[in-house]
Amino acid sequence: MAKLHPSLKNKEFWYKDIILIPHRLPDFERDEVDLTTHFTKRILLKTPLVSSPMDTVTEAKMAILMALMGGIGVLHYNFSTIEEQIEEVKKVKKFMAGFVFDPVVLSPKDTIGDVRKINEKYGFFSVPITEDGTLKTKLVGIVTHRDVRYRKDFKTKLEKVMTKREKLIVAEKAKTVDKKNLKLAIKILRNHNLDTLPIVDKRGRIVALVTDSDIRKREQFPLATLDENKRLRVFIAVESRLELAKERIKKAVEVGVDGIVIDASVVFKEEIDIAKFAKKNFPHLEVVLGNVDSGEMVKKIMESASEYCDGLRIGIGPGAACITQQQLGVGRAQASAVWDCAQTMKKLQKKYGFCPLNADGGIKIPDLAEKTDFHTPGDITKALALGANTVMMGSILAGLDEAPGEKEFDYEENRMIKKYRGMGSVEAMEKRGALRYGIEKSKIKIPEGRIIKVPYRGSGYDFIPRVIAGIRQSLQKLGFKNIKDLQQFADIRPI
């Protein structure tokens, strides 16, 4: 068990107040450090990074980035309709797969313009063509990127550009899908140098696709967080109101969501009812409750809902755009909250089993003041050492291209920035943000968030690998090859 210096016990402290002391002589390379960890009881991540369900942080582009990098994204619910959030789930789930089930199809009478629209929505061009544009009729052809990439005649019918069925190489459902034999499908695709391999049943109807682009994505991103069919995993945030959450959960499950985070500033008792509903009706769905900030809260949840809870989220008011602690005098220093919750969970594990902890917020950004780029993953390592299994981030990610919102030039700071807002800000509460704070029915709303500027950081595909490398380097300096060793042997002292 990690050692916390006696002077820190029974005191409140932030990540900036502590340091990790090295005692070992490392005998391994940085890239040998294994960051595999649990986000929930059943879902493992290869990197301990989770994007926050905030409307200036996580929509489909961010969720795709996080999953490709070995973490996971949680889609916010601050859309005007449930359907908008569900569309974001679809985008993540359709980004890549082993077997692409329920593929998007068109008919011979559809046009090149329709293929372009599919590409704009989902990011791919390969579209099977069936007799009537549904999966109920026979495959009659296929259109791929090479058929349409230089075409400007968007009104041209697909029957004029598609590769007809008699010229297609296809695989049999009985030999591939039914036997879960993806290797055979990949072998056929590569032997024939195909972009896309249709898989058909005995009646000639398409049941799935295997695409070369998906194979290359898996090779390019070996850390990717994938489900059983090699699709990217994704979670959604749901309200802490049972009736609202029910509808959202049902629709999300239909499109393949992997789990839910019941998103509230503090755990309301109604969350337990939502967790029970989710686990009883959809046992495969992972459920994360939150937020908590003390061992006592952890104990109460475990006593009343351990069988329905697959993970807990820690943090009340520590975020960069959160002002709960200043406005209401409620919350806690995040580092001490993580330690307290983790110590309590360890004591309860023998009785209730393992339940992972997510440290939500409080990861400070040095560049807000210094106007330099972020190169300091030390707070993440500290959170892991204190007992968190994963770390949820908002402001650090909000400046990336993959976060919602446009970059702009700030003349006061003389640099490019993006706007980042807390979900308790007045602006966020004008949509659905007030639900998170349990005040959606109140006429008077006390804001618990604000809008701040964060530095524009460019592409997350450049930024996140640097963060991961920094965490690994922290563990290497300490002489730990994995998070388990870090949590067992870390020496945590005040600065």
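## Exercises on strands and helix packing

I142 stands opposite T163 in β10. The model is predicted, and the exercises below work through its strands, helix pairs and two single residues.

**Exercise 1. Place the bridge of I142 in its sheet.** Which strands form the open sheet, and in what order?

Step 1. Start from the pair. Strand β9 (residues 139-143) is joined to β10 by two bridges, and these strands run antiparallel.

Step 2. Extend to the sheet. Three strands form an open sheet in the order β8-β9-β10, with antiparallel pairing.

Step 3. Find the edges. β8 (127-130) and β10 (163-164) are the edge strands, since each pairs on one side only.

**Exercise 2. Trace the pairing from β5 through β6 and β14 to β15.** How many bridges join β14 to strand β15?

Step 1. Begin at β5. Strand β5 (residues 49-51) is linked to β6 by two bridges and runs parallel to β6. S51 has G73 in β6 as its bridge partner.

Step 2. Go on to β14. Two bridges join β6 to β14, again in parallel. Here L75 stands opposite I236 in β14.

Step 3. Finish at β15. Four bridges join β14 to strand β15 (residues 259-262), and the two run parallel. F235 faces G259 in β15 as its opposite residue.

**Exercise 3. Sort the residues of β6 and β14 by direction.** Are these residues of β6 buried or exposed?

Step 1. Recall the rule. In a regular strand the side chains alternate between the two faces of the sheet.

Step 2. Apply it to β6. I72 and V74 point one way, G73 and L75 the other way, and all are buried.

Step 3. Apply it to β14 (residues 235-238). F235 and A237 point one way, I236 and V238 the other way, and all are buried.

**Exercise 4. Classify the packing of α2 on α7.** What is the angle between these helices?

Step 1. Take the geometry. Helix α2 (residues 82-93) and helix α7 (residues 242-254) pack at about 30 degrees, with axes 10 Å apart.

Step 2. Name the arrangement. Angles under 35 degrees count as roughly parallel, so α2 is roughly parallel to α7. The crossing of α2 past α7 is right-handed.

Step 3. List the contact. From α2 come I82, E83, Q85 and I86; from α7 come E247, R248, K251 and A252. The contact residues divide into three nonpolar, one polar and four charged.

**Exercise 5. Do likewise for α1 and α17.** Which residues of α1 meet α17?

Step 1. Take the geometry. Helix α1 (residues 60-68) and helix α17 (residues 460-478) pack at about 40 degrees, and their axes are 10 Å apart.

Step 2. Name the arrangement. This makes α1 oblique to α17. The crossing is right-handed.

Step 3. List the contact. I64, L65, M66 and L68 in α1 meet G460, Y461 and I464 in α17. Six of these contact residues are nonpolar, one is polar and none is charged.

**Exercise 6. Locate Y77 and R313, then judge their burial.** Where is Y77?

Step 1. Locate Y77. Y77 sits in the loop between β6 (72-75) and α2.

Step 2. Judge Y77. Its relative accessible area is 3%. Buried means under 20%, so Y77 is buried.

Step 3. Turn to R313. R313 lies in strand β17 (residues 311-314). With 1% relative accessibility, R313 also counts as buried.

Step 4. Add the distances. Y77 and G295 are 218 residues apart in sequence and 28 Å apart, C-alpha to C-alpha. R313 and V266 are 47 residues apart along the chain, and their C-alpha atoms are separated by 9.6 Å.

Definitions and conventions: Residues are numbered from 1 along each chain as its sequence is written. This is a predicted model: local features need pLDDT of at least 70, side-chain atom pairs count only at pLDDT 80 or more; totals for chains, interfaces and linings use all residues. Side-chain values use heavy atoms; hydrogens and water are left out. Axes are lines fitted to C-alpha atoms, for helices over the stretch in contact, and angles run from 0 to 180 degrees between N-to-C directions. Angles under 35 degrees count as roughly parallel, over 145 as roughly antiparallel, 65 to 115 as roughly perpendicular and the rest as oblique. A crossing is left-handed if the near helix is turned anticlockwise from the far one by less than a right angle, and right-handed if clockwise. Contact means heavy atoms within 4.5 Å. Ala, Val, Leu, Ile, Met, Phe, Trp, Tyr, Cys and Pro count as nonpolar, Asp, Glu, Lys and Arg as charged, and the others, Gly among them, as polar. Buried means under 20% relative accessible area, exposed over 50%, partly exposed in between (1.4 Å probe, protein chains only). Two strands pair if DSSP finds at least two bridges between them.
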